[in-house]
Each structure stands twice: as structure tokens, then as C-alpha cells.
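Please find below my notes on the surroundings of the ligand and on the strands. They are set out as numbered points, to be read alongside the sequence and the structure.

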Amino acid sequence: PYSVEPELQGCPPELSASIVRSHRETTQYRPEELQALRWKVFSREEIHAYQSKSVDEMWQHCAVRLTDAVQYVVEFAKRIPGFRQLGQNDQIALLKSGSMEVVLVRMSRMFNTENNTVFFDGKFAGTELFKSLACGDLIAAVFDFAHNLCALRLTEQQMAVFTALVLLNADRPCLEDRERVQRARRDVELALSHILHRDNQESLLHKLYQRVQVLKSLCALHIEKLRWFRQLYPLTVHSLFPPLYKELFG
Ligand SMILES: COc1ccc2c(n1)CCN(C(C)=O)[C@H]2C(=O)Nc1ccc(OCc2ccccc2OC)cc1
């Protein structure tokens, strides 16, 4: 039987509908759940307990939590039409460079701009809770990014198609079939401008592309800090970090 070329699969409306469905299926907390949680903040004692952790303990703790988020992003990617038709190596290459970017974009949905806190370990935490990571610049940049993106108030549909676009980036390093990624990306670009046009929010497109530049530097900072940490605590990374975290960011 003939198979529809993945690039022709669904013009924008069907394509965005399938991306939005995949997004909903792969976000572990629904917006209404987060609404209920957003004022659950840590007590002074709880914050003190996190701040008393050693650098390696806190790094391991955060790596385990972030891997939780990364797993859902990997699942989301696999369901994006055009992504799963790519070769295995290209799928890995796109996830290596794009999965943390998507986690950080999705993190903006789990951010409370009123008290500058982000979801962590079941409650909402301010930057001071992460002090023992000894990465104040990384945490400040993560919070700034989440705050800025949260302020754009993306709908779930806009978020879903935007994160698919973040993943389908033909400029990533080590891609074998760049052309194929570019073709899949073009359809998602069309879907995003289609959605923004329908929402009468074309001005968002420019702002979103600006945020992508910040995202790149933020992820580069994460990798730089991880290298610094691994140099100090090689055994912690080797034996206590989640394999997926090591494979994607190591
Ligand atoms: C989809 O969006 C989200 C967003 C948040 C979470 C989740 N999903 C589900 C899993 N989760 C849990 C279980 O807490 C949340 C989480 O990981 N929160 C969190 C983790 C680390 C943070 O800063 C440290 C840090 C940041 C960047 C890079 C390295 C870092 O440290 C080494 C801040 C917040």
C-alpha cells in the first residue's frame, strides 16, 4: 500500500491538531492542576533543608527531577508527525540539543510570576531554594526566561506548536538528513503562523523567535555548569545521575 509522504501528512489545521493532542498527552500536570498548586510554597524550614544540602546532593536532586520532565518531552517528540519519520540518529541529535529547550519552555507554564516561583518537588520554589547548586547565574537565567515567557500568556495550542518548532530545528549539529528536518519544520512553521493568525496574535511570532535565541544561551549555560559540576564530582554524575540526563546532556 502507498504511504502518504510524512511531509504531506495533514495540512496546518490537522497537523496542529495532532501536535496539540500529543502535547496534552505528554504534559504531566494540566493547567488547572497547576492553578491549584501555584500558592503551595515551601516553608522556611523546608527551604533551609534544601539550602543545607551539599552541592552534589542538590545537583543530583535537580537532575532527577528534571529528567522527569525530559522523559515527557521525549515522548512528545516521538508523537510529532515528521519527527518519528526521521532516522534514529537524527531523532537523538534533535533531542540532545532540543529537549532541555522544550523543558524550559514548558517550565513557563509551571511558573508563578506573582511571587517569582517555579514548580519543584511538588511545590513552588523561589531562586533562594537552589542556593546550594552554586549556580546562581544559571538559576537566575532560568527564572528570567520562565518569567518572560509566562508573561506572553501562550495558549496550550500555541505552546504545543511552538515546542514542536523548537525541536524540529534543521540547524542542529550532527544531523544526517537536514533537508528532511527542514521539510518537517516548514509544515510546523505554517501551522504556528496559521494559529497565531487565527488568534490575531501575529506579533507573538517575532517575540517567540527572540525567546529562542535566549533559550540557546540558557541551554549552553546549563551544559557549561554541568561540565563544571562533573569535573568536581565525576562519581556523582557517573553513578547517581539518571542515564537519560547523562545521555542527553552529558
Ligand atoms: C515541564 O515543566 C516542568 C518544569 C518543572 C518540573 C517539571 N516539569 C516536572 C518535574 N519537576 C519536578 C518533579 O520537580 C519540575 C522540575 O524539575 N523543576 C525544577 C528543576 C530544577 C530547577 O532548577 C535547577 C536547574 C534548572 C535548569 C537546569 C539545571 C538545574 O539544576 C541542575 C528548577 C525547577
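1. In this predicted model, helix H4 makes the greatest contribution to the shell around the ligand, with six residues. H4 covers residues 55–78. Helix H5 (88–107), strand S2 (117–120) and helix H6 (136–151) also supply at least two residues each.

2. The shell should be described by class as well. It holds 14 nonpolar residues, together with two polar and four charged ones. Of the 20 residues around the ligand, those that come nearest are Arg65, Leu66, Met110, Phe119 and Asp121.

3. Two polar backbone atoms deserve mention. One belongs to Phe119 and lies 2.9 Å from a nitrogen atom of the ligand. The other belongs to Asp121 and lies 2.7 Å from an oxygen atom of the ligand. The protein covers 96% of the 700 Å² of accessible area that the ligand has on its own.

4. Where does the ligand sit? Its place is in the largest pocket.

5. The strands may be taken next. Strand S1 (residues 111–112) pairs with S2 in the antiparallel sense over two bridges, and Phe111 has Val118 of S2 as its bridge partner. The hairpin of S1 and S2 has four residues between the strands, and Asn116 there takes a positive phi near 50 degrees.

6. S2 is also joined to strand S3 (residues 123–125), by three bridges, and these two strands run antiparallel. Phe119 has Phe124 of S3 as its bridge partner. Two residues lie between S2 and S3 in their hairpin, and Asp121 in the turn has a positive phi of about 55 degrees.

Note on methods: Residues are numbered from 1 along each chain as its sequence is written. This is a predicted model: local features need pLDDT of at least 70, side-chain atom pairs count only at pLDDT 80 or more; totals for chains, interfaces and linings use all residues. Side-chain values use heavy atoms; hydrogens and water are left out. A residue is near a molecule or strand if one of its heavy atoms lies within 4 Å of it. A polar contact is a pair of N or O atoms within 3.5 Å; within protein, one must be able to donate a hydrogen and the other to accept it, and residues adjacent in sequence count only if both atoms are side-chain atoms. Accessible areas come from the Shrake-Rupley method with a 1.4 Å probe; for residues, only the protein chains shown count as cover. On a 1 Å grid over the protein atoms alone, a cavity is a set of points where a 1.4 Å probe fits but cannot get out, and a pocket is an open set with protein on both sides within 12 Å along at least five of seven lines; lining residues have an atom within 4 Å of a point. A molecule sits in a cavity or pocket if more than half of its atoms lie within 2 Å of its grid points. Ala, Val, Leu, Ile, Met, Phe, Trp, Tyr, Cys and Pro count as nonpolar, Asp, Glu, Lys and Arg as charged, and the others, Gly among them, as polar. Two strands pair if DSSP finds at least two bridges between them.
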